[in-house]
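Subject: A structure to look through

Dear colleague,

Please find below the structure I promised to pass on to you. I suggest that you keep it open while you read the notes that follow.

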Amino acid sequence: MYAFTYHRPKSVADAVSLLGQFEDPKLLGGGQTLLPTLKQRLARPSDLIDLGQIPELQGIREEAGGLTVGAFTRHAEVAHSDVVKRVIPALASLAEGIGDRQVRNMGTLGGSICNADPSADYPAAVVALKATVRTDRREIAGDDFFTGMFETALEPGEIVTAVHFQKPDKAAYAKFRNPASRYAIVGVFVAVFGSEVRVAVTGAGPSVFRADDMETALSQDFRADALNGASVSAAGLNADIHASADYRAHLVRVMARRAVEACG
Amino acid sequence: MANPNGIGAPVRRREDARFLTGRGTYTDDINRPGQTHAVFVRSPYAHARITGIDATEAMQAPGVVAVLTGADMETDKVGSLPCGWQIHSKDGSPMKEPPHFPIARDRARYVGDAVAVVIAETREQAKDAAELVMVNYEELPAAVTSLKALEGGAPLVHDDVGGNLCFDWHLGDAAAVDAAFSQAAHVAKIDLINQRLIPNAMEPRAALGEYDRATGEHTLTTTSQNPHVIRLLMGAFVLGIPEHKLRVVAPDVGGGFGSKIFHYGEEAVVTWAAKKIGRPVKWTAERSESFLTDAHGRDHVSHAELAMDRDGNFLALRVSTVANMGAYLSTFAPSIPTYLYATLLAGQYKTPAIYAEVKAVFTNTVPVDAYRGAGRPEACYLIERLVEVAAAETGIDKTELRRRNFVPASAMPYQTPVALQYDTGDFAKNLDIALPLVDYDGFAARKAESARRGKLRGIGFATYIEACGIAPSNVAGALGARAGLYESAEVRFHPTGSVTVFTGSHSHGQGHETTFAQLVSERFGVPIENVEIVHGDTSKIPFGMGTYGSRSLAVGGSAIVKAMDKVERKAKKIAAHMLEAAEADIEAKDGRFVVAGTDKALTIGDIALQAYVPHNFPLDELEPGLDEQAFYDPKNFTYPNGCHVCEVEIDPDTGVVQVVSFAAVDDFGRVINPLIVEGQVHGGLVQGIGQALYENCVYDEESGQLITGSYMDYCMPRADDVPSFTVRYHEDQPCTHNPLGVKGCGEAGTIGASAAVMNAVVHALSEYGVTHLDMPATPERVWQAIRRHTPAQAAE
Ligand SMILES: Cc1cc2nc3c(=O)[nH]c(=O)nc-3n(C[C@H](O)[C@H](O)[C@H](O)COP(=O)(O)OP(=O)(O)OC[C@H]3O[C@@H](n4cnc5c(N)ncnc54)[C@H](O)[C@@H]3O)c2cc1C
């Protein structure tokens with residue numbers, strides 16, 4: 001790790017003003033991605049601005065029939081929250097399946113979506129649950145937030161403050177995890193809003209995407225077997241030592257089926 | 001009255017309180033006044049010429065004390081890291097043994113090869129400065145996999161090692177094997193890869209060098225499984241320090257699995273540098289460095305054929321293996337794919353003729369050497385996969401085929417066609433115990449039940465035998481070892497009756513402080529709390545060979561017994577004198593020394609006191625003191641053996657394999673501490689399951705970059721990946737040639753497990769016509785195998 005100056009603002013306004021003061025500042029969420037990067041000397045920020053002491057970024061509440069989750073909410077809090085379990089149980093179970101206990105106790109929703117790792121779980125929920133990402137300056141539709149591998153619609157210095165998830169009629173998340181890291185090799189979030197079905201796929205591609213064919217098939221007939229004809233092309237999917245593009249394409253279908261079955 | 005802490009008692013490990021509460025003292029916990037910190041500059045290329053090193057800027061960085069290179073070591077006449085075993089090729093020529101300098105001189109040969117060391121006041125300063133060392137590299141093409149390195153025109157890892165061939169060795173009677181094959185009714189064949197593994201000891205390697213100008217003494221504290229071996233190799237061959245001026249200490253060591261046997265360059269660098277700069281120098285590997293620089297394990301590519309008669313009797317076995325040595329020869333590397341591998345190819349079977357050929361190859365990867373099991377898991381995996389293929393092809397039940405070919409207990413001692421002589425073993429008995437344990441007969445019903453849930457199910461067996469208790473020095477010497485492989489012990493009774501045992505064995509997780517103390521408690525009736533086991537410091541213990549190859553109890557424990565025999569003889573003399581009886585009339589039992597037929601008796605405590613307060617000793621006949629030393633050189637290897645049975649369930653939709661049950665029936669000879677034995681078996685099984693399903697060291701085949709350089713990609717088995725194990729052992733085939741009758745248990749789990757798991761996986765997939773799958777059986781590999789064998793899906 002290279003030396004840096006550490007700051008712990010007490011409000012979003014203070015964080016924003018700190019961001020403006022330094023040469024190369026970086027926001028610190030749960031540190032699960034940022035700290036290993038620093039330890040390996042792959043980044044050299046001048047200042048770290050810890051978001052952990054800002055009350056506005058904390059907490060989970062029911063809002064407009066859905067859920068608003070503060071950016072600094074740890075994965076474990078989401079997983080164990082009674083409100084989440086009641087309003088969108090699929091979101092709690094997604095959080096419970098992230099990494100391992102240590103990671104869940106530190107990692108945050110904001111850090112996860114801002115990092116936009118192609119194999120992270122939350123992006124699937126953000127897209128499938130028609131979420132709105134709130135920042136210090138605006139609201140961004142979940143569909144527009146993830147723009148590419150490790151890329152988001154955020155402007156430099158923009159701070160995510162919360163994410164609002166809409167409450168679906170039913171929803172489920174099925175994940176095929178990487179046995180080593182336990183990130184998603186493929187994760188499929190299926191959510192039903194009236195006649196609309198959303199199928200968001202993470203892990204498989206450079207960034208989360210919606211499986212159009214599957215959505216169409218399921219909106220006509222919400223049964224796992226309706227997916228028999230629908231598939232995701234392997235072209236453009238990720239490939240690494242753990243899974244080829246072909247295998248990922250296959251897993252998308254298997255996980256989609258499982259998610260539909262889990263919706264009951 | 002049974003001793004609650006004697007032989008056979010499940011005594012809880014005495015060392016665990018220290019380890020579990022963070023009070024162990026590991027190398028990195030030790031800090032010395034004036035200590036500096038070393039950080040290595042390592043090659044980012046698999047193969048590159050080093051055309052220049054400019055340390056000017058680094059030397060000016062804050063806190064930097066020195067930047068040293070291979071050229072500095074050359075000036076100081078620092079030698080090459082020696083290899084402890086010499087193999088000769090078929091044609092009689094010695095193996096190629098290119099130099100292996102602690103810091104590379106003109107060429108880097110693997111990603112992570114050290115090219116310079118920066119020494120600074122703090123670790124962070126050393127790291128900062130290491131980035132400022134300007135190394136000019138001229139990148140060269142790399143030879144990464146063993147097979148490609150053997151191809152004509154492959155880049156040469158060492159210019160003077162043509163074809164990258166270190167040696168081309170063989171064992172067995174080729175003519176007899178050819179003759180048997182020409183008679184065979186059936187020949188089963190297999191091609192398999194025993195993939196490369198990264199050891200991953202919990203404690204990373206570390207080394208602390210010190211030099212005392214006043215006495216001229218060097219001290220190296222290091223994460224080693226065998227401090228005396230390091231002292232000998234480093235002192236005599238690398239740094240030229242006489243042994244009486246070199247102390248090597250291996251304090252608490254957190255796991256080794258073989259990777260801490262070897263003498264590594266960093267040890268020599270800190271020892272040398274400490275004198276050069278006149279201050280202690282410490283180096284501790286970061287985890288990424290461990291991945292890149294700890295000696296790796298396995299990495300074999302093999303073809304094997306088994307000839308059988310009409311009834312499935314094995315007639316002959318022919319094996320050809322290519323073994324990857326990495327860029328340089330690590331300390332025991334050449335012995336692993338030869339004398340610890342090919343000699344085990346008889347397995348538990350009476351195959352009359354065996355011929356094995358092994359080519360060892362240099363590649364631009366980190367050196368490969370012993371890793372838990374070392375050669376024996378490779379042998380077991382090959383034989384047991386081949387036997388299952390043979391069973392499938394001949395239609396003979398796999399347990400029956402094995403039973404038919406077992407060396408019968410009545411044939412012991414049994415001379416194999418590949419140099420070893422098994423002393424004891426009842427292989428059919430292991431199987432007899434295992435079959436009801438796993439309800440073999442109920443398998444079909446369980447399979448049907450799995451099928452109802454859409455799952456595939458398979459059951460796999462592995463019978464293994466290993467040569468442990470390494471090793472009779474005369475045999476090892478005849479086979480090319482450049483060292484003896486005895487063990488040492490000293491048993492010192494103190495005046496008040498407590499005991500310190502100094503052992504040449506080294507515990508880095510095995511629980512010697514408990515097991516060895518049980519031996520003393522049993523023999524002399526001393527409470528276990530009054531026995532201290534000391535290991536790991538060359539200034540305290542007699543010359544010892546350390547711990548690896550499941551040798552500590554069989555060889556180190558036997559040395560303790562031998563020293564206790566001497567103590568007892570001396571104690572009898574003292575008792576005879578004190579009780580005014582003839583020495584021949586003194587009987588020793590449980591620490592009491594009795595004049596036969598009388599009630600005159602003394603305890604060992606009374607005797608110890610007299611030994612040190614010899615007011616009226618007949619000094620011509622009786623020396624004061626009760627402190628004896630012994631060296632034990634085994635007469636043969638020991639042969640732990642067993643039968644492992646694994647059952648797996650596979651999800652055909654995803655290819656995920658789940659181990660649903662695992663039973664291990666082992667013959668370790670006599671068991672001193674069943675709790676520790678069970679722990680060793682559990683750990684070994686998890687490691688073997690890890691190889692079968694998860695672990696895989698992957699280098700990029702072109703660039704030679706390590707792709708699995710962290711736990712994000714290198715998959716270690718975890719507690720929730722394995723089932724609750726069923727572990728049994730029997731003790732009625734004790735080793736015949738050591739005083740305890742013990743065989744060793746440290747590697748057994750790892751040796752049997754991989755084969756048992758893979759046999760189960762292939763069995764589950766057999767309904768698709770799959771006959772073999774290479775390890776690890778990752779979900780994708782399993783899914784691809786299913787897809788290849790499913791016509792409808794393959795067309796898709
Ligand atoms: C071993 C391991 C396993 C994991 N497994 C999984 C898994 O299975 N599934 C999964 O989804 N994830 C997984 N993760 C990721 C983890 O859960 C975290 O979500 C992730 O590391 C980032 O979150 P963080 O809060 O730690 O952010 P940090 O590491 O602190 O920050 C990440 C990035 O986001 C920025 N940032 C943080 N908060 C904000 C904010 N409010 N506004 C703007 N920018 C911000 C930071 O500046 C930084 O660039 C794993 C991580 C590890 C180490």
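For a chain of 264 residues, a compact globule would have a radius of gyration near 18 Å, and because chain A has 18 Å, its value agrees with that expectation. Please keep in mind throughout that this is a predicted model. The C-alpha trace of chain A spans about 55 × 45 × 30 Å when it is laid along its principal axes, and the secondary structure of chain A consists of eleven helices and 14 strands.

Chain B is divided into three parts, namely domain 1 (31-140 + 202-255 + 260-293), domain 2 (394-469 + 636-794) and domain 3 (486-632). You will see from these bounds that domain 1 is written as three stretches of the chain and domain 2 as two.

I looked next at how domain 1 and domain 2 of chain B meet. Their centres, taken over C-alpha atoms, are separated by 38 Å, and the contact draws on eight residues from domain 1 and nine residues from domain 2. Together the two domains of chain B bury about 630 Å², with carbon and sulfur atoms giving 59% of that area. No salt bridges are counted between domain 1 and domain 2 of chain B, although two residue pairs are in polar contact there. On the side of domain 1 of chain B that touches domain 2, six residues are nonpolar, one is polar and one is charged.

What, then, do chain B and chain A bury between them? The area is about 1,900 Å², and 47% of it lies on carbon and sulfur atoms, while the contact takes 25 residues from chain B and 24 residues from chain A. Across this interface of chain B and chain A there are nine salt bridges, and one that you can look up directly joins the side chains of A:Arg258 and B:Asp651, at 2.8 Å from N to O. The interface of chain B and chain A also holds 14 residue pairs in polar contact.

On the side of chain B that touches chain A, the elements giving two or more residues are helix H4 (123-130) and helix H20 (779-788) of chain B. Of these, H20(B) gives the most, with five residues. Sorted by class, that side of chain B has nine nonpolar, three polar and 13 charged residues.

With best wishes

Definitions and conventions:
Residues numbered from 1 in each chain as written. Chains lettered and ligands numbered in written order. Predicted model: local features only at pLDDT ≥ 70, side-chain atom pairs only at ≥ 80, totals over all residues. Heavy atoms only, no water. Domains from an automatic or database assignment. Contact = heavy atoms within 4.5 Å. Buried area = accessible area lost by both parts, 1.4 Å probe. Salt bridge = Lys/Arg side-chain N within 4 Å of Asp/Glu carboxyl O. Polar contact = N/O pair within 3.5 Å; in protein donor to acceptor, adjacent residues only side chain to side chain. Nonpolar A, V, L, I, M, F, W, Y, C, P; charged D, E, K, R; others polar. Helix = DSSP H or I, 4+ residues; strand = E, 2+ residues; numbered from the N terminus. Rg over C-alpha atoms; globule rule 2.2 N^0.38 Å.
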